[in-house]
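Here is a short briefing for a reader new to this structure. Look over the chain first, then work through the topics below.

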Amino acid sequence: MLCSPQFHIGTIGLTCLKEGVVGKLLGVDIAEPAILDAKVNAAKNGFSTDDTVTRFIASPAEKVLAEEMKSVPKSTPVVAVVDPARDGLHGTVVQCLRKNEKIERLVYVSCNPTGTLVRDAAMLCAPPTKKYPGRPFKPILAQPVDMFPLTSHCEMVMTFERMTEEEYTKYHNP
């Protein structure tokens, strides 16, 4: 399953479905026009928009993600893709990503790599706390993307994987 809060869901999410990389798509975006476009694109590509294969929600991710994740069976592996605004991930979204250990991989697309990506990565990769429970993630790949040539701005796509129990025990237990 691909869970895509705060992300351009109609593009990569539907491509992943079409290529057979994922079997289900949950897309959350604060912009209702983006959700309407995603539904149109899903239908044009032959995917049901009745929530069986694709589910699109117009809402801030922090308001709906935790509840939506409760409906995902524990045995279902989840890849989450986030593309937050310059302010980074809302704390509630970070909590949800950390707490839901069925999320095995996280792809973070950042327009603020030296600011909020660093902050959010620290929260995603730190040992568990009361505020951020669950096994932490570990960064496995970082790729800068120069979408604005001849400027100083650069996007960053960072991939994280959930630490295995063995890794967590090795590095976090004395």
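**Two helices and the cores**

H4 and H5 pack at an angle of about 35 degrees, and their axes are 10 Å apart. Their crossing is right-handed. The model is predicted.

**The H4–H5 contact**

- On the H4 side, the contact is made by Val 94, Leu 97 and Arg 98.
- On the H5 side, Met 123, Leu 124 and Cys 125 make the contact.
- H4 has these buried residues: Val 93, Val 94, Cys 96, Leu 97 and Arg 98.
- The buried residues of H4 pack against two helices, H3 and H5. They also pack against strands E4, E5, E6 and E7.

**The nonpolar cores**

- The largest nonpolar core holds 28 residues.
- Leu 97, Leu 106, Leu 124 and Phe 160 touch the most other members of that core.
- Three helices each give two or more residues to this core: H3 (61–70), H4 (91–99) and H5 (116–125).
- Strands E2 (25–29), E4 (78–82), E5 (103–110) and E7 (155–162) also each give two or more.
- Another core, of ten residues, lies apart from the largest one. Among its members are Leu 14, Leu 17, Val 22 and Leu 25.

**Phe 160 and the aromatic rings**

- Leaving out residues up to four places away in sequence, Phe 160 touches Glu 104, Arg 105, Leu 106 and Tyr 108.
- With the same residues left out, its contacts also include Ala 121, Leu 124 and Cys 125.
- Phe 137, Lys 138, Pro 139 and Ile 140 are further contacts of Phe 160, again not counting residues up to four places away.
- The count of aromatic pairs, with ring centres required to lie within 6.5 Å, is zero.
- Phe 137 has a charged partner: the charged end of Arg 162 sits over its ring, 4.1 Å from the centre.

**Met 158 in strand E7**

- Met 158 is found in strand E7.
- Met 158 counts as buried because its relative accessibility is 17%, and the cut-off is under 20%.
- Met 158 and Ile 140 are 18 residues apart in sequence. Their C-alpha atoms are 7.7 Å apart in space.
- Not counting residues up to four places away in sequence, Met 158 touches Leu 106, Val 107, Tyr 108 and Leu 117. Under that rule, Met 158 also touches Pro 139, Leu 141 and Ala 142.

**Phe 56 in strand E3**

- Phe 56 lies in strand E3, which covers residues 54–58.
- At 8% relative accessibility, Phe 56 is buried.
- Phe 56 and Gly 27 are 29 residues apart along the chain. Their C-alpha atoms are separated by 4.7 Å.

**Leu 150 in a loop**

- Leu 150 has its place in the loop between strand E6 (137–145) and E7.
- Phi of Leu 150 is near 65 degrees, a positive value in a residue other than glycine.
- Is Leu 150 buried or exposed? Leu 150 is exposed because its relative accessible area is 89%, and the cut-off is over 50%.

Technical notes:
Residues are numbered from 1 along each chain as its sequence is written. This is a predicted model: local features need pLDDT of at least 70, side-chain atom pairs count only at pLDDT 80 or more; totals for chains, interfaces and linings use all residues. Side-chain values use heavy atoms; hydrogens and water are left out. A nonpolar core is a set of buried Ala, Val, Leu, Ile, Met, Phe, Trp, Tyr and Cys residues joined through side-chain atoms within 4.5 Å. Buried means under 20% relative accessible area, exposed over 50%, partly exposed in between (1.4 Å probe, protein chains only). Helices (H or I, at least four residues) and strands (E, at least two) are DSSP runs, numbered from the N terminus. Contact means heavy atoms within 4.5 Å. Rings of Phe, Tyr and Trp (its six-membered ring) pair if their centres lie within 6.5 Å; planes under 30 degrees apart count as stacked, over 60 as edge-to-face and the rest as tilted. A charge sits over a ring if NZ of Lys or CZ of Arg is within 6 Å of the ring centre and within 35 degrees of the ring normal. Axes are lines fitted to C-alpha atoms, for helices over the stretch in contact, and angles run from 0 to 180 degrees between N-to-C directions. A crossing is left-handed if the near helix is turned anticlockwise from the far one by less than a right angle, and right-handed if clockwise.
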